[in-house]
Number of protein chains: 2
Amino acid sequence: MKRVTQLGPGRPRLEPRRRAGQTPRAEILDAAAELFTGNGYGSTSTRAIADAVGIRQASLYHHFASKDDILDALLGETITAPLKLAERLAESDAPAAVRLYALARFDVSQLCAARWNLGALYLLPELRGERFAAFRARRDDLRRHYEILAAAVISEAGNPTVPGADLLPFRLVESVINIRSDEGAPPRYADQLIPDAMLRLLGYQEDLARTRAAALKLG
Amino acid sequence: MKRVTQLGPGRPRLEPRRRAGQTPRAEILDAAAELFTGNGYGSTSTRAIADAVGIRQASLYHHFASKDDILDALLGETITAPLKLAERLAESDAPAAVRLYALARFDVSQLCAARWNLGALYLLPELRGERFAAFRARRDDLRRHYEILAAAVISEAGNPTVPGADLLPFRLVESVINIRSDEGAPPRYADQLIPDAMLRLLGYQEDLARTRAAALKLG
């Protein structure tokens with residue numbers, strides 16, 4: 001039998017805490033993120049998550065009613081901050097190129113800085129169900145922010161560009177997830193490469209170093 | 001008990017064939033692709049695949065020793081033709097832009113035409129194991145072909161571009177997988193948008209309609 005350590009009020013734990021996170025909830029999310037991205041979502045049980053945290057399965061259910069709820073919380077975390085920034089930038093009167101740069105740079109940095117490559121879960125078939133409709137709607141919102149900013153950059157730059165190019169900045173940001181997966185480490189160069197590349201693709205021909213500096217003040 | 005229909009020599013079938021594919025092997029692959037992309041890889045058993053085809057599990061094992069073998073065969077199919085084209089294009093003396101256009105257009109068309117969005121499986125953690133080392137090596141080969149062609153386009157175009165832009169054509173092609181997943185249907189516009197966009201990103205300023213026409217002759 002495993003030794004039970006009493007650490008919190010009324011929450012028996014099988015082992016001392018050894019997870020990233022200040023709270024049991026954060027520890028559960030960290031363990032789940034590691035297992036979902038490392039072993040696969042379908043192959044991970046709530047039991048395995050509880051074991052990885054060192055708590056009983058019943059304690060896990062005190063925080064999350066289901067594995068889907070854990071996934072929803074994790075995916076929500078990847079969207080919340082960039083969506084908030086996008087909403088703030090939509091109110092700004094800075095040039096569209098500076099605003100798009102600020103959003104993309106922040107989003108790429110966050111995808112790189114996260115402890116686990118959670119974006120790799122965006123393509124899970126499970127996300128197409130009703131349970132994740134709210135997450136999908138928020139992600140669609142973020143995508144629309146990119147598309148609106150990109151269209152504004154094209155219009156402000158006034159140079160010929162490829163029809164439909166406004167769809168691609170969001171996709172270039174997402175590509176960081178694939179690069180991180182292939183390289184086995186977050187691509188440190190991406191928070192400059194990706195925003196630089198998207199502006200050039202949109203026909204923007206101003207000096208990128210100055211745009212970047214302006215974006216850093218804004219973001 | 002299900003009724004057993006005898007259709008092939010020594011291979012009892014629970015139901016008549018109702019799958020895409022001319023052979024039992026092709027039917028198994030089609031059913032597995034639907035289940036892997038629709039329900040998730042970890043959540044799909046070989047039993048479920050056999051049931052979907054209407055054959056016994058033992059018959060499935062006659063064709064594939066394991067679920068991983070089925071996944072490997074499916075993923076291999078997504079790489080074989082573009083890799084073959086890339087190898088042929090490497091020998092061609094056409095301009096790099098025309099060759100890159102031909103490769104990207106073909107690859108995007110194939111990702112769109114496939115019955116199931118198999119590229120969504122590229123980020124599965126299962127692929128990081130030794131079992132899929134050969135697949136990963138072939139996919140790395142394909143990526144290198146894109147990077148070499150992209151560097152040649154930058155060099156031939158001779159225009160200033162973003163450092164590292166040669167990494168992005170491969171990623172733009174992959175983004176078709178994400179667009180297809182989000183839109184719920186293959187993006188018919190992508191086989192022009194993606195190659196056009198990558199050439200512009202690499203500083204290529206020639207007429208894209210002519211480049212496309214030349215690429216169609218080559219591919």
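This report describes the fold, domains, helix packing and chain contacts of a predicted model.

## Overall fold

Chain A contains nine helices and two strands. In sequence order the pattern is β-β-α-α-α-α-α-α-α-α-α. The two strands therefore lead, and the helices follow.

The C-alpha trace of chain A spans about 70 × 35 × 35 Å along its principal axes.

## Two domains in chain A

Chain A splits into domain 1, residues 5–65, and domain 2, residues 68–218. Their C-alpha centres are 31 Å apart.

The two domains of chain A touch. Twelve residues of domain 1 are in contact with 13 residues of domain 2. On the domain 1 side, nine of the residues are nonpolar, one is polar and two are charged.

## Helix packing: H5 and H6

Two numbers describe a pair of packed helices: the angle between their axes and the distance between those axes.

In chain A, helix H5 covers residues 96–113 and helix H6 covers residues 133–157. They pack at an angle of about 145°, with axes 8 Å apart. The crossing of H5(A) and H6(A) is left-handed. H5(A) contributes A:Ala96, A:Ala97, A:Arg99, A:Leu100 and A:Leu103. H6(A) contributes A:His145, A:Leu149, A:Ala150, A:Ala152, A:Val153 and A:Glu156. By class, this contact has eight nonpolar residues, one polar residue and two charged residues.

## Helix packing: H7 and H8

H7(A) and H8(A) pack at about 155°, and their axes lie 9 Å apart. The cut-off for roughly antiparallel is an angle over 145 degrees. H7(A) and H8(A) are therefore roughly antiparallel to each other. Their crossing is right-handed.

From H7(A) come A:Leu168, A:Pro169, A:Leu172, A:Val173, A:Val176 and A:Ile179. They meet A:Ala190, A:Ile194, A:Ala197, A:Met198 and A:Leu201 of H8(A). The contact of H7(A) with H8(A) has eleven nonpolar residues, with no polar and no charged ones.

## Symmetry of the two chains

A turn of 180° with a shift of 0.0 Å along the axis lays chain A on chain B, with an RMSD of 0.0 Å. This is the relation of a two-fold axis. The same surface serves both copies: 100% of the contact residues of chain A recur in chain B.

Which residue of chain A comes closest to the rotation axis? A:Gly42 does, with its C-alpha at 2.2 Å.

## The interface between chains A and B

The interface brings 30 residues of chain A into contact with 30 residues of chain B. Three helices of chain A each give two or more residues to this side: H1 (24–39), H7 (168–183) and H8 (190–201). H7(A) supplies the largest share, eight residues. By class, the chain A side has 14 nonpolar, eleven polar and five charged residues.

H7(A) and H8(A) thus appear in two settings. Both give residues to the side of chain A that touches chain B. They also pack against each other, at an angle of about 155°. The contact of H7(A) with H8(A) has no charged residues, whereas the side of chain A that touches chain B has five.

Notes: Residues are numbered from 1 along each chain as its sequence is written. Chains are lettered from A and ligands numbered from 1 in the order in which they are written. This is a predicted model: local features need pLDDT of at least 70, side-chain atom pairs count only at pLDDT 80 or more; totals for chains, interfaces and linings use all residues. Copies are superposed by least squares on the C-alpha atoms of residues with pLDDT of at least 70 in both. Two residues are in contact if their C-beta atoms, placed from the backbone, lie within 7 Å. Helices (H or I, at least four residues) and strands (E, at least two) are DSSP runs, numbered from the N terminus. Ala, Val, Leu, Ile, Met, Phe, Trp, Tyr, Cys and Pro count as nonpolar, Asp, Glu, Lys and Arg as charged, and the others, Gly among them, as polar. Domain bounds come from an automatic or database domain assignment. Axes are lines fitted to C-alpha atoms, for helices over the stretch in contact, and angles run from 0 to 180 degrees between N-to-C directions. Angles under 35 degrees count as roughly parallel, over 145 as roughly antiparallel, 65 to 115 as roughly perpendicular and the rest as oblique. A crossing is left-handed if the near helix is turned anticlockwise from the far one by less than a right angle, and right-handed if clockwise.
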